Amino acid sequence: MSNITAAVIANRNKKHFLGVPAPLGYVAGVGRGATGFTTRSDIGPARDANDVSDDRHAPPATKRKKKDEEEEEDEDLNDSNYDEFSGYSGSLFSKDPYDKDDEEADAIYDSIEKRMDEKRKEYRDRRLREDLERYRQERPKIQQQFSDLKRSLATVTTEEWSTIPEVGDSRNRKQRNPRAEKFTPLPDSVLSRNLGGETTSSLDASSGLASMVPGVATPGMLTPTGDLDLRKIGQARNTLMNVKLSQVSDSVTGQTVVDPKGYLTDLQSMIPTYGGDINDIKKARLLLKSVRETNPNHPPAWIASARLEEVTGKVQMARNLIMRGCEINPQSEDLWLEAARLQPPDTAKAVIAQAARHIPTSVRIWIKAADLETETKAKRRVFRKALEHIPNSVRLWKAAVELENPDDARILLSRAVECCNTSVELWLALARLETYENARKVLNKARENIPTDRQIWTTAAKLEEANGNIHMVEKIVDRSLTSLTANGVEINRDHWFQEAIEAEKSGAVNCCQAIVKAVIGIGVEEEDRKQTWIDDAEFCAKESAFECARAVYAHALQMFPSKKSIWLRAAYFEKNHGTRESLEALLQRAVAHCPKSEILWLMGAKSKWMAGDVPAARGILSLAFQANPNSEDIWLAAVKLESENSEYERARRLLAKARGSAPTPRVMMKSARLEWALERFDEALRLLAEAVEVFPEFPKLWMMKGQIEEQQRRTDDAAATYTLALKKCPTSIPLWILSANLEERKGVLTKARSILERGRLRNPKVAVLWLEAIRVELRAGLKEIASTMMARALQECPNAGELWAEAIFMETKPQRKTKSVDALKKCEHDPHVLLAVSKLFWSEHKFSKCRDWFNRTVKIDPDLGDAWAYFYKFELLHGTEQQQQEVLERCIAAEPTHGESWCSVSKCIRNWQFKTPDVLRAVVQKLSIPV
């Protein structure tokens with residue numbers, strides 16, 4: 001009992017962890033804070049990793065070095081060894097112990113990777129197979145390339161196998177046995193010993209050659225034992241050549257086979273013309289030969305081979321090759337045509353005849369056969385033979401018809417439209433050759449056979465118009481649109497407009513107008529009609545189809561009779577491209593629909609006035625007064641009409657009425673200007689004094705007042721006028737310039753500078769004020785100050801063309817070109833810069849370039865009178881009479897009004913009645929030739 005109790009007690013006191021291995025990483029006593037139980041093996045080496053090593057008991061150097069190398073190999077953590085995706089190539093933790101957690105993690109990752117790999121395996125295998133198949137298609141194996149040939153080996157008989165030659169060394173003997181070539185010069189003794197080899201009875205005895213009699217030496221020639229006379233050998237060679245040529249040139253028929261005189265020249269023509277590398281030719285020859293032998297049924301290989309030989313000068317070889325190709329591929333059209341090209345004309349006919357026998361349905365071969373014939377009769381015979389084999393070829397029918405006279409052509413075409421009833425060209429050609437009644441029948445048949453073609457309908461309309469049936473034209477065009485729509489044809493406005501343009505160019509005006517009227521509204525939204533029709537009219541005008549444009553404007557005005565903009569466009573169109581009568585008729589209709597439009601009344605009056613019908617112009621202006629009472633433009637137009645025709649009293653009365661009913665600044669200015677022009681200065685000053693009281697902010701009134709006072713030599717009054725004017729109108733640039741010029745003429749340069757400076761402060765970034773200030777300095781001879789001011793001006797106004805134009809000619813001659821390039825970079829399309837560049841070319845005597853740049857200038861800004869004046873002066877000096885007249889006419893049409901030199905003449909009161917040609921000639925007299 002006591003034993004049992006002791007055993008039970010012992011089991012009860014026994015701990016469950018006894019005899020069980022300690023957990024991983026367990027250190028005894030650590031939980032209680034004890035350290036005595038920790039051993040060296042638990043905590044690792046006693047030294048710190050950063051301690052200096054103690055080499056007293058260090059291993060040998062070689063072992064240590066080897067160990068260091070192994071450690072370096074183990075942990076190579078250099079940046080070059082790092083990959084962004086997979087990290088370092090080695091393991092960062094290779095030195096740490098590999099425990100069960102690591103093993104378990106690796107097993108988990110392996111299982112995941114295996115699972116993922118199984119998922120992707122099917123897709124990867126399929127992708128690999130596709131890539132491999134694609135690669136094999138692009139680059140097949142040699143075995144696959146010859147698989148068809150291998151299959152054909154199954155049909156080879158035993159006899160054919162036995163006749164296959166053994167594979168030997170295909171290289172030539174020199175390649176198989178290479179040895180250095182040796183060149184041995186021929187001794188003179190050999191030449192002298194064989195002199196008698198060429199003998200003939202016709203040789204000259206003095207030629208130095210042995211005679212026919214053996215043993216007799218020729219006089220003048222040394223025997224073989226003596227010295228050799230090379231000069232005599234040359235003479236003998238020439239004699240031999242002449243004898244041979246004379247023998248060859250004689251024949252039985254008496255005709256020469258060889259031209260003795262041109263023989264050497266013919267030899268020169270045999271030199272190959274190809275200038276490339278001869279090795280490239282050899283390679284190309286080998287490649288093409290391989291292609292021909294591999295696939296002899298491939299015509300391009302034969303053509304390429306023949307052309308290679310032709311390029312290298314071996315024409316006969318080329319002909320032989322191409323003929324072999326034709327034998328192997330008798331159905332190749334290209335081969336026969338190439339063979340005919342390479343052969344001389346006589347042989348080419350035989351070749352092309354052979355081609356026609358093999359390929360009787362080839363249109364190109366028959367046309368080539370006709371081209372080879374020189375006589376028209378033979379060509380007709382070829383074409384008729386061709387049409388027997390290919391009756392449905394439109395190209396052959398057209399070529400055959402072109403060779404016939406009209407009667408035979410009509411017979412041919414009647415047959416042609418039976419064979420090719422879908423060819424519009426043949427039907428139309430037949431209709432043109434037939435009479436009116438027959439042409440109508442032909443076109444009706446054409447419409448039955450080809451119901452979807454618009455050209456047949458338009459041709460029918462032109463036919464009716466040509467025969468005077470104008471009323472039928474519109475009906476045919478309307479029926480054509482209905483018929484084509486019913487047959488499912490889309491009505492394309494652009495195509496029909498092209499048809500209308502073509503109809504106008506052929507002289508069918510009514511047809512083109514009917515087409516425009518019929519299609520102008522198709523496919524156009526209601527809100528877009530006005531702009532679309534204006535664009536259509538401009539397009540027609542640009543294509544020189546003026547009747548089409550007129551028809552478009554007529555329809556647009558019919559739909560929008562009260563639109564002033566359309567009337568104006570139509571009026572300008574008639575002015576540029578129509579007659580005076582058509583313009584006046586249009587303007588009459590325009591003012592009836594738009595009586596409030598002053599410009600239409602004025603255009604009508606000007607047209608009458610320019611035609612010399614002054615009473616009619618007055619009548620139009622009186623009607624305009626009734627429609628637009630108190631209109632300033634109409635008043636002034638009436639005044640201009642009277643003053644231009646020297647009716648000064650009537651003009652004064654009109655201006656007085658205008659001042660009473662419509663006292664505007666322009667009316668006051670025109671009144672004063674008329675009195676000034678008639679040299680009634682007191683009346684003009686009175687009117688101006690009244691005007692500046694009423695309209696003090698209208699600068700032109702002040703300018704006229706100051707200029708009249710200057711003309712009367714009342715400089716102090718003019719200065720006072722300008723001073724007062726600048727207070728009232730400080731933004732008027734011409735006033736500042738007039739005031740500064742007045743002070744400059746008085747000799748007060750400082751005050752002129754001060755005025756321009758104040759003007760620039762009041763109106764910053766105004767290039768004209770800077771330009772005037774620079775010119776003041778230049779006129780005073782202060783070029784350095786002017787250059788400094790120009791630099792400041794270009795900084796403030798970098799895109800001012802006037803400044804750049806002046807800056808170009810302020811430079812010295814060598815620097816002007818550079819300055820002009822800078823100016824063009826800044827102001828590429830400024831007319832002043834372009835004019836300066838034109839003058840620069842003129843000064844350098846580059847007249848062709850100068851003319852081109854003048855054209856560019858007047859095209860960019862036709863209102864710049866200075867450009868026209870310089871252009872006209874240039875043509876007067878260096879152009880033809882035709883060019884001078886052309887510039888004058890273009891200038892009159894442009895009616896320029898701006899430009900410094902131009903305005904100085906046109907605004908001068910003495911020239912108040914000058915027309916554009918008069919102003920142009922006066923400005924040309926003032927201008928100097930650029931230097």
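**Group meeting: side-chain contacts in a helical model**

Okay, let's start with a cation over a ring: Arg 856 has its charged end sitting over the ring of Trp 853, 4.2 Å from the ring centre. Before I go on, keep in mind that this is a predicted model. There's a second case like that one, where the charged end of Arg 760 sits over the ring of Trp 770, also at 4.2 Å from its centre.

Now, rings with rings. How many aromatic pairs does the structure hold? The count is nine. Let me take you through two of them.

One of the pairs is Tyr 553 with Phe 573, and it's tilted, with 5.7 Å centre to centre and 50° between the planes. Tyr 553 is in helix H28, residues 546-559, and Phe 573 is in helix H29, residues 564-577, so this pair ties together parts that sit 20 residues apart in sequence. As for exposure, Tyr 553 and Phe 573 are both buried.

The other pair I picked is Phe 847 and Phe 874, again tilted, at 6.0 Å between centres and 55° between planes. Here Phe 847 belongs to helix H46 (residues 847-860) and Phe 874 to helix H47 (residues 865-878), so parts 27 residues apart in sequence are tied together. Are these two buried or exposed? Phe 874 is buried, with a relative accessible area of 0%, while Phe 847 is partly exposed at 27%. And this pair has company: ring pairs link Trp 842, Phe 847, Phe 854, Phe 871 and Phe 874 into a cluster.

While we're in that region, have a look at His 845. Its phi is near 65°, which is positive in a residue other than glycine. For background, most residues other than glycine have a negative phi. His 845 is in the loop between helix H45 (831-843) and H46, and at 59% relative accessibility it counts as exposed.

Arg 713 has a similar story to tell. Its phi is also near 65°, again a positive value outside glycine. Where is Arg 713 found? In the loop between helix H37 (699-711) and helix H38 (715-728). Arg 713 is exposed too, with a relative accessible area of 75%.

On to salt bridges. The total comes to 38, and I'll show you three, plus a network.

Take Arg 285 and Glu 309, whose side chains meet in a salt bridge at 2.8 Å, N to O. Arg 285 lies in helix H12 (residues 278-294) and Glu 309 in helix H13 (residues 299-311), so parts 24 residues apart in sequence are tied together by this pair. The two partners have unlike surroundings: Glu 309 is buried, with a relative accessible area of 2%, whereas Arg 285 counts as partly exposed at 27%.

Then there's Glu 547 with Arg 550, a salt bridge at 3.0 Å, N to O. Why are Glu 547 and Arg 550 separated by about one helical turn? Because they're three residues apart in helix H28. Glu 547 counts as partly exposed at 22% relative accessibility, and Arg 550 is partly exposed at 22% as well.

My third one is Arg 779 with Glu 744, where the closest N and O atoms are 2.9 Å apart. That pair links distant parts of the chain, with Arg 779 in helix H41 (residues 767-779) and Glu 744 in helix H39 (residues 733-745), 35 residues apart. Arg 779 counts as partly exposed, at 49% relative accessibility.

And the network: salt bridges link Arg 307, Glu 310, Glu 338 and Arg 341.

Let's move to Leu 685, in helix H36, residues 681-694. Leu 685 is buried, with a relative accessible area of 13%. Which residues is it in contact with, leaving aside neighbours within four places in sequence? Those are Lys 705, Ile 708, Glu 709, Gln 712 and Arg 714. One distance to note as well: Leu 685 and Arg 673 are twelve residues apart in sequence and 10.0 Å apart in space, C-alpha to C-alpha.

Last stop, the surface. Ile 108, Tyr 109, Ile 112 and Met 116 make a nonpolar surface patch of about 390 Å². Tyr 109 is part of helix H4, residues 100-138, and at 53% relative accessibility Tyr 109 counts as exposed.

How values were computed:
Residues numbered from 1 in each chain as written. Predicted model: local features only at pLDDT ≥ 70, side-chain atom pairs only at ≥ 80, totals over all residues. Heavy atoms only, no water. Phe/Tyr/Trp six-rings, centres within 6.5 Å; stacked < 30°, edge-to-face > 60°. Helix = DSSP H or I, 4+ residues; strand = E, 2+ residues; numbered from the N terminus. Buried < 20%, exposed > 50% of the residue type's maximum accessible area, 1.4 Å probe, protein only. Lys NZ or Arg CZ within 6 Å of the ring centre and 35° of its normal. Contact = heavy atoms within 4.5 Å. Patch = residues over 30% accessible without salt bridge, like charges linked within 9 Å, V, L, I, M, F, W, Y side chains within 5 Å. Areas by Shrake-Rupley, 256 points an atom, 1.4 Å probe, with all protein chains shown as cover. Salt bridge = Lys/Arg side-chain N within 4 Å of Asp/Glu carboxyl O.
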